Amino acid sequence: MTVRIAALLSVLLVAAGAATRGPAAAVQATQPPAPRFRSGIDVVEVAVLVKDRAGKPVTDLTRNEITVLENGTPQTLVAFERVSIPARAASPPASVPQAPKDVASNEGPPPARVFVLVLDSHHVAATRVRAVQALARQFIERYIGPGDYAAVFSPGALAAATQDFTTDKARLIAAVDQFTGMKMGSAVVEVERERAAAAGVRGAIPMHAGHDPSDSERTDRAVALASTLEALANHLERISGRRKTLLLFSEGIDYDQADVLGKVQRSANDVMHGMGRAIGALMRTNVALYAVDPRALNSADADLLETPIYNPTAAPTRTVADEQTDSIRTLHSLSESTGGFAAVNRNDFTGAFERIDLESSSYYVIGYAPERPAKPGEFRSIQVKVSRPDVRISARNGYSGKAETAMRRPVSDYSANEPASGFPMASPRGRGRAPEPINVPAASPATRGLSSQLQELLASPLPQAGLPMRLQAVTLRGDGRKSDVRLVVEVLGGALRFEERGGRFNERLELALMTVSDGGRASNGTSIDIDLRLTPEDLERVKSTGVRWLSALSLPPGRHQLRVAGRAGATGVSGMITQDIIVPEIRRAGLDMSGVTITSVPSVLMITRGKAWLDRALPTPPTAARRFVAGDQMVAAVEVYRPEKGASDGTLTARIERADGSPSGFNERRVVRAAGPRTEEIGVPIDTAKLPASQYVLRMTLEAGGERVERVIPFEVVAR
């Protein structure tokens, strides 16, 4: 019996090792290391683009060929790194939508590039929503690569139109599809409408005496966009050593900033001040902004075809064309001040996107330490020179010292819509408190008592490689008000180093997790220290598999971001992963189903801490692995919930499709009787020996009484 068990463990170890080896190592080798900067001093980072006459990147500059001046004074470089990411050819959209991943991981390389797509609901007309969605989808599908992290942010739109940093294109596109635009009408037209109405009444004057009738809300929207960009810049400040790229899909701010006397629009100073702060924050945090104007080749008067009351010849001073000019001017100002450019007055954006792709892939990151740090709000010019002839340089032209407090304005009665997944969010109509970046509170239960390294990781907006981890969240029904969210956290064993003492191999893992709410509030902090004292046999198991932590949270319906950080005591290697989850509303009527939990035979090898769930349906502990060796025996399990009364019989179907949507031949059906227990665990065995090596999607579907609930799990089968 002992020999048979040893032989079985040997086979399982081989299978587990094959399943944990993936393409990440190969991808890692192609990615450049992140530039390293000194700590303990105030270093100003500058991303520098250098091109030859043909517009191709110059990739062989040396430190001695670059000179940087601040306020005209030469500076000593303390950092110089060349970032060169292999160019990727534009790829056509996938014919079949990708299934969102249910497992988050930091097993791959550090982020190759960082993109933020800002879809400006306040300044995009409803008639151009489809154009913005199409352009954003085009950029995501064709120019965001497998090693890139991207986020979608839609200030003023639905919370579902915001997606925090992820490599999952399906999640990004799902957020883009929820975008809505609500741009206000022309101020010139509104003023003219009041003038025309008063002209027909003897002795009457326009209701607002020639002022913009919607000036307050128009100002709020302009300031909301500026405050959002400032908050995003501060949010991205923690990402160092990389050029951060922000794409702003917007028709620009058409507010008359030259009307400082308030003849028509009375808040020009507020708008200018907000724009100045936004540009200063973007410059300071090394964020390059690229504006994308969805109006294409469109004249100002073309927008007025349905406004017959407006007569362009009746406006003696400011015209609709002036408004469009001002809106384009703001897009140029935001872009060119930060090292980007504005893609305006064009129908084809492919060339612009290709240029953004190129400029985000090949550049230099230099750093210098000024003799005296900039005071809050103080502007300092930056000039970068290259001694090599016949090259063109693009870099931000300065920066401002970080403002001590965020800009505030009196707000209207509209409630502010707080950020989804830690992003700053303005109110739906532009009226709301100035958005702020997410910060992990110093007294948060998630950070109290942790090492400074873990505290810093939990505050990061991006996952961090180093200690490879995986995370899955499974939602079960809770107490009626909140759901029971079960977590699978797995630390892969290949990165652990053990010290032998007395025939035992010792290591200590420090793990911590917390949630971030829609409002950017950190809560639900918990942590665990796992002390490992392993026998030689257990050591081999851990090296081939890893260590698992099973935890649980109680969360209300809504959108949450999970953050898990880990640190290995022997080496100090650490890492962090994030995952966005949506906790659904608890259904009171009809059959319902939990999330899907997966296990497989090698799952038993991983050392596990914490209490498992669905143990009547799962023969081995839950796993976050999604790569299985052909011949492995998987089990997919769910909980089915029945109401007290009124339910009808239903069918639970487990169907496996290939990644291209074609059937695999696996189709299991179970009848779910309405008269059964209130909660029932159902497990579906899956023999991967019957599935050729490929990418698959498991669809668990519950149908009853004309209603349908589906859960989707992507996974992979690899050859033995």
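**Entry 1: two asparagines**

I began with Asn 345, which counts as partly exposed because its relative accessibility is 42%. The model I am reading is a predicted one. I found Asn 345 in the loop between β11 (342–343) and α9 (350–359). I then checked its backbone: phi of Asn 345 is near 55 degrees, a positive value in a residue other than glycine.

Next I looked up Asn 71, where phi is also positive, near 55 degrees. Asn 71 sits in the loop between β2 (66–70) and β3 (73–74). At 44% relative accessibility, I have Asn 71 down as partly exposed.

**Entry 2: a loop between strands**

Then I went to Ala 369, in the loop between β12 (362–368) and β13 (379–386). Is Ala 369 buried or partly exposed? Its relative accessible area is 31%, so I noted Ala 369 as partly exposed. I also took a distance here: the C-alpha atoms of Ala 369 and Thr 76 are separated by 7.4 Å, although these positions lie 293 residues apart along the chain, counted as their separation.

**Entry 3: the whole protein**

I stepped back for some totals. I counted 11 helices and 33 strands in the secondary structure of the protein. Buried residues account for 54% of the 720 residues. The exposed surface comes to about 31000 Å², and carbon and sulfur atoms supply 51% of it. How many of the contacts between residues at least 6 apart in sequence join residues at least 24 apart? I get 76%.

**Entry 4: the nonpolar cores**

A reminder to myself before this one: in soluble globular proteins, nonpolar side chains tend to be buried together. Here the largest nonpolar core has 54 residues. The members that touch the most other members are Val 46, Phe 165, Leu 246, Leu 248, Leu 289, Ile 366 and Ile 382. Helix α7 (residues 268–284) gives the largest share of this core, with 8 residues. Another core lies apart from it; that one has 32 residues, including Ile 144, Ala 175, Phe 179 and Ala 288.

I picked Phe 165 for a closer look. Setting aside residues up to four places away in sequence, I listed these as touching Phe 165: Val 114, Phe 115, Val 116, Tyr 149, Ala 150, Ala 151, Leu 236, Pro 461, Leu 462 and Thr 578.

**Entry 5: Pro 155**

I looked next at the loop between β7 (149–153) and β8 (163–166), which holds Pro 155. Pro 155 counts as buried because its relative accessibility is 1%, under the 20% cut-off. From Pro 155 to Leu 229 I have 9.9 Å, C-alpha to C-alpha, for a pair 74 residues apart in sequence.

**Entry 6: the loop between β9 and α7**

I placed two residues in this loop. Gly 252 is one of its residues, and Ser 267 lies in the loop too, between β9 (244–249) and α7.

Gly 252 has 2% relative accessibility, so I entered it as buried. Which residues does Gly 252 touch, not counting residues up to four places away in sequence? My list reads His 123, Ser 327, Thr 330 and Leu 331. The C-alpha atoms of Gly 252 and Asp 120 are separated by 8.8 Å, with the two residues 132 apart along the chain.

Ser 267 is buried as well, with a relative accessible area of 15%. Beyond its neighbours within four places in sequence, Ser 267 is in contact with Asp 215, Thr 219 and Tyr 255.

**Entry 7: Glu 190**

Glu 190 took me to helix α5 (residues 187–199). Why does Glu 190 count as buried? Its relative accessibility is 16%, and the cut-off for buried is under 20%. With neighbours within four places in sequence left aside, I found Glu 190 in contact with Gly 185, Asp 212, Pro 213, Ser 214 and Arg 218.

**Entry 8: cavities**

Last, I checked for enclosed space. A search of the whole structure gave me 5 cavities of 30 Å³ or more. I chose the second largest cavity, with a volume of about 90 Å³. Its lining is His 122, His 123, Lys 183, Met 184, Arg 218, Arg 221, Ala 222, Ile 253, Asp 254 and Tyr 255. Sorted by class, this lining has 4 nonpolar, 2 polar and 4 charged residues.

I noticed some names coming back from earlier entries. His 123 lines this cavity and is touched by Gly 252. Tyr 255 is in the lining and in contact with Ser 267. Arg 218, also in the lining, is in contact with Glu 190.

Methods
Residues numbered from 1 in each chain as written. Predicted model: local features only at pLDDT ≥ 70, side-chain atom pairs only at ≥ 80, totals over all residues. Heavy atoms only, no water. Core = buried A, V, L, I, M, F, W, Y, C linked by side-chain atoms within 4.5 Å. Buried < 20%, exposed > 50% of the residue type's maximum accessible area, 1.4 Å probe, protein only. Helix = DSSP H or I, 4+ residues; strand = E, 2+ residues; numbered from the N terminus. Contact = heavy atoms within 4.5 Å. 1 Å grid on protein atoms, 1.4 Å probe; cavity = no way out; pocket = protein on both sides within 12 Å on 5 of 7 lines; lining within 4 Å. Points joined across faces, edges and corners; volume = space filled by probe spheres on them. Nonpolar A, V, L, I, M, F, W, Y, C, P; charged D, E, K, R; others polar. Areas by Shrake-Rupley, 256 points an atom, 1.4 Å probe, with all protein chains shown as cover.
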